Amino acid sequence: KMAKGQNNPKHAMLAKLAVGAVELYNQAHNESREIQSQGPNGGAANSILNKWTPLLETTTVMFRSLAQYHESAYNREIAVKRRKGFGAMIARLRLANDLCAQAIVIATDSNQMELLNELRILREKIMEIKEKEEENNDMIHKEPVPDAQDLKMIRGTNTKSSMKLDMKAME
């Protein structure tokens with residue numbers, strides 16, 4: 001058990017890991033789009049990437065949403081202790097909700113049914129918490145909710161890789 005006065009680092013660590021995953025998925029997504037832009041010369045590799053690129057895009061956006069969700073949970077723990085910071089927590093929940101909705105659109109457009117179901121469950125959870133916290137803020141805390149671009153950036157774990165995709169090996 002944690003000593004009284006300490007924050008539970010679980011949500012903060014999960015947010016950082018999600019940001020690290022975003023960096024890696026985003027790199028893979030960008031690489032796949034670059035290869036696809038080279039036209040049909042990619043052969044079998046292009047065929048594979050036509051299926052993988054939307055999945056990489058959806059997963060990137062999903063992890064961005066998860067990062068905001070977990071950071072909001074961590075922000076809530078701190079806000080409860082300090083009795084301030086509820087507005088930023090709500091802003092992160094709103095951003096998490098918007099990102100999850102964006103991932104749902106991508107998953108729907110690319111017929112990613114399994115991921116789509118998981119995203120819908122995640123969005124319901126985020127919306128439920130967001131609505132409860134907005135109501136609490138309106139009635140109790142009365143803090144202004146900042147715009148998403150005004151939120152402090154979440155720093156990820158050092159997961160960046162300079163590895164390039166070797167599409168020749170996939171053929």
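The questions below walk through the helices of one predicted model and a few of its residues.

Residues are numbered from 1 along each chain as its sequence is written, and side-chain values use heavy atoms, with hydrogens and water left out. In this predicted model, local features need pLDDT of at least 70 and side-chain atom pairs count only at pLDDT 80 or more, while totals for chains, interfaces and linings use all residues.

Student: Which pattern does the protein chain follow along the sequence?
Tutor: Start with the elements. Helices (H or I, at least four residues) and strands (E, at least two) are DSSP runs, numbered from the N terminus. The protein chain has four helices and zero strands. Read along the sequence, the pattern is α-α-α-α.

Student: What percentage of the residues of the protein chain count as buried?
Tutor: Buried means under 20% relative accessible area, exposed over 50%, and partly exposed in between (1.4 Å probe, protein chains only). The protein chain has 171 residues. The buried share is 39%.

Student: How far apart are the end C-alpha atoms of helix H1?
Tutor: H1 covers residues 10-36, which is 27 residues. The expected span of a helix is 1.5 Å times one less than its number of residues. H1 should therefore span 39 Å. The distance in the model agrees: 38 Å.

Student: What about H3: how far apart are its end C-alpha atoms?
Tutor: H3 has 24 residues. At 1.5 Å a residue, H3 should span 34 Å. The end C-alpha atoms of H3 agree with that, at 35 Å.

Student: And how far does H4 reach from its first C-alpha to its last?
Tutor: H4 has 29 residues. The span expected at 1.5 Å a residue is 42 Å. H4 comes close to that, reaching 40 Å.

Student: Are H3 and H4 roughly parallel or roughly antiparallel to each other?
Tutor: Helix H3 (residues 86-109) and helix H4 (residues 113-141) pack at about 155°, with their axes 9 Å apart. Axes are lines fitted to C-alpha atoms, for helices over the stretch in contact, and angles run from 0 to 180 degrees between N-to-C directions. Angles under 35 degrees count as roughly parallel, over 145 as roughly antiparallel, 65 to 115 as roughly perpendicular and the rest as oblique. H3 and H4 are therefore roughly antiparallel.

Student: How many residues of the contact of H3 with H4 are nonpolar?
Tutor: Sort the residues by type. Ala, Val, Leu, Ile, Met, Phe, Trp, Tyr, Cys and Pro count as nonpolar, Asp, Glu, Lys and Arg as charged, and the others, Gly among them, as polar. The contact of H3 with H4 has four polar and six charged residues. The nonpolar ones number 16.

Student: Which residue does the side chain of Glu133 contact?
Tutor: Glu133 lies in helix H4. Glu133 is buried, because its relative accessible area is 3%. A polar contact is a pair of N or O atoms within 3.5 Å; within protein, one must be able to donate a hydrogen and the other to accept it, and residues adjacent in sequence count only if both atoms are side-chain atoms. At 2.7 Å, the partner side chain is that of Arg76.

Student: What is phi of Asn111, in the loop between H3 and H4?
Tutor: Most residues other than glycine have a negative phi. Asn111 has a positive one. Asn111 is also exposed, because its relative accessible area is 57%. Its phi is near 55°.

Student: Which residue with a positive phi follows H4?
Tutor: Look in the segment after H4. The residue there is exposed, because its relative accessible area is 59%. Its phi is near 55°. The residue is Lys142.

Student: What separates the C-alpha atoms of Glu71 and Ala12?
Tutor: Glu71 is in helix H2 (residues 44-82). Glu71 is buried, because its relative accessible area is 14%. Ala12 is among the buried residues of H1. Glu71 and Ala12 are 59 residues apart along the chain, yet their C-alpha atoms are separated by 5.8 Å.
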